[in-house]
Amino acid sequence: MGFASNRRLTINIILLSIVPLIIVVIIVATILFSQAKQLLNDQVSLTRNNIMAVKKQELKQYVEMAVKSIEPYYGDPSLTPQLAKQIVAQKLSQLTYGQDGYFFAYTWEGDALVLPYQEERIGRNWWEVEDVQGKKLLQELINVSREGGGFVDYLWQKPSAQEPLPKLSYAISLDKWRWMIGTGVYLDDIERQVSHMQTGFDQNIAKTSTALFGVMFVAVSVIAGLGASLNLNLRRLANQQLSELNQQIIDSQENERQRVSRDLHDGVNQLLVAAKYRIDNVTKEQNSTKKMQELDASRDAMEQAIVELRRISQDLRPPQLDDLGLVAAIDFYINGLRERTQLELVFEHDIDGEEFIPEVETTLYRVVQESLHNVEKHANAQGVDVILQREGHTLILTISDDGVGFPNSINKSHQLVQGKMGLQNMKERIQAIGGTFTLTSEQGQGTEVRVTLNMEFI
């Protein structure tokens, strides 16, 4: 039973300490990581928007720069339109910036006029050209340029790359020539910055997770260690209590043997010895009248010995308890006590017909027996009330007397004091069957022993 209790205690420690700690850590980690992820998304969105705003501003500046560079030829009336277009196309094809920056020009109908790095496409119509996602990018560029200039995003092959990359272009219209000119910038550097931010976030999350779960592991280990230490201490205490209980059992057995031996020696043995002497006198006596007197005295001694043996047997294990039940056994014991003492004994009960398991009946009978024995030997009482009643699902046994009480044995919380072997044994026997045992006593006010049991379990 002690080992099972220790196991339950260990489980309770885990449930009440470690599990809530783990749940709290998981909740905190979830909230922390969720907020960090939201902050990262907001930061990524803000960074992307800021970079896009800078890119758009750069594109507009590049286009304005290109327009200023071709404006003298575009607006020169001395040049023929054909010559002016050739000069402008040549100037635009020579304008580059950065590693892959260039300008392009198309007619409103989609004919390619200027395409650095892709000169084989010049002179052909690309009105239906699409990116890898099916967007008709040239049509959109021409449309936004005719509306006063605008931006179009799409996927396009970067000269220094092996795959299409996100690109943003800005285009304006040369209305007099029905041209669209523009330039674009690849956005893969934005994705690199975003990827770098996400990588840093993942690394920080990994470090935070490691630290958080490291702290949780240390806390769980400390709690588990304390639980194991407490469990070990309780096990030692349980072993100590078990040893003390075994010693109490041995002491109780020895006390019972001493009591039976004393009763046999001082009572039955003396009566039998007296009967023997009487019988010996009969064999020696010649007078028939005196022989009859000796025989009568011997028979009286024998009858008293029989009565004494019955009393001893009754104290050890009353047959009424096995044959007639708890109420009959208590009633028989009280009647015997009435015959040999001057106590006013009252026994009341309302449990006729109730059946209890043998262990419960034996325990309740021993409590009554021990309590009345204490009253008889120590209480100096005039009367005792024994009440066995049922209240709902609760069985209540009360033994109260009007004796001298316990002067220094009961504290304010009505707990038993060490050293009262009989009282301690009663308490432990009641606890063993799942009941509660309380003893209330004040000097000069008598003593009350109360036992409560849940009848649903007995």
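**Cores, strands and a helix face**

Tutor: Let's start with the whole chain: its accessible surface comes to about 27300 Å², with 53% of that belonging to carbon and sulfur atoms. Such areas come from the Shrake-Rupley method with a 1.4 Å probe, and for residues only the protein chains shown count as cover. This is a predicted model, in which local features need pLDDT of at least 70 and side-chain atom pairs pLDDT 80 or more, while totals for chains, interfaces and linings use all residues. Residues are numbered from 1 along each chain as its sequence is written, and side-chain values use heavy atoms, leaving out hydrogens and water.

Student: What makes strand β6 (residues 179–186) count as mostly covered?

Tutor: Buried means under 20% relative accessible area (exposed is over 50%, partly exposed in between; 1.4 Å probe, protein chains only). Eight of the eight residues of β6 meet that, so the strand is mostly covered. Both faces are covered: W179, I181, T183 and V185 are buried on one side, and M180, G182, G184 and Y186 on the other.

Student: How do you know that β5 (residues 164–174) and β6 pair?

Tutor: Strands are DSSP runs of E, at least two residues long, and helices are runs of H or I, at least four, numbered from the N terminus. Two strands pair if DSSP finds at least two bridges between them. β5 and β6 have eight, in the antiparallel sense, so they pair by that rule. One of the bridges sets L168 opposite V185 in β6. Strand β2 (residues 101–107) is also antiparallel to β6, through five bridges, and there A105 stands opposite I181.

Student: Why do the buried residues of α7 line one face of the helix?

Tutor: They are L326, V327, A329, I330, Y333, I334 and L337. Seen down the axis of α7, they fall within an arc of 165°, so they line one face. That arc is taken from the directions from the helix axis to the C-beta atoms.

Student: What makes a set of residues a nonpolar core?

Tutor: Its members are buried Ala, Val, Leu, Ile, Met, Phe, Trp, Tyr and Cys residues joined through side-chain atoms within 4.5 Å. The largest one here has 38 residues, of which L364, V367, L372, L397 and I399 touch the most other members. Its largest share, eight residues, comes from α8. Apart from this core lies another, of 31 residues, including Y74, A105, V185 and I190.

Student: Which residues does V367 touch, not counting those up to four places away in sequence?

Tutor: L397, I399, M426, I430, F437, V449 and V451. Contact means heavy atoms within 4.5 Å.
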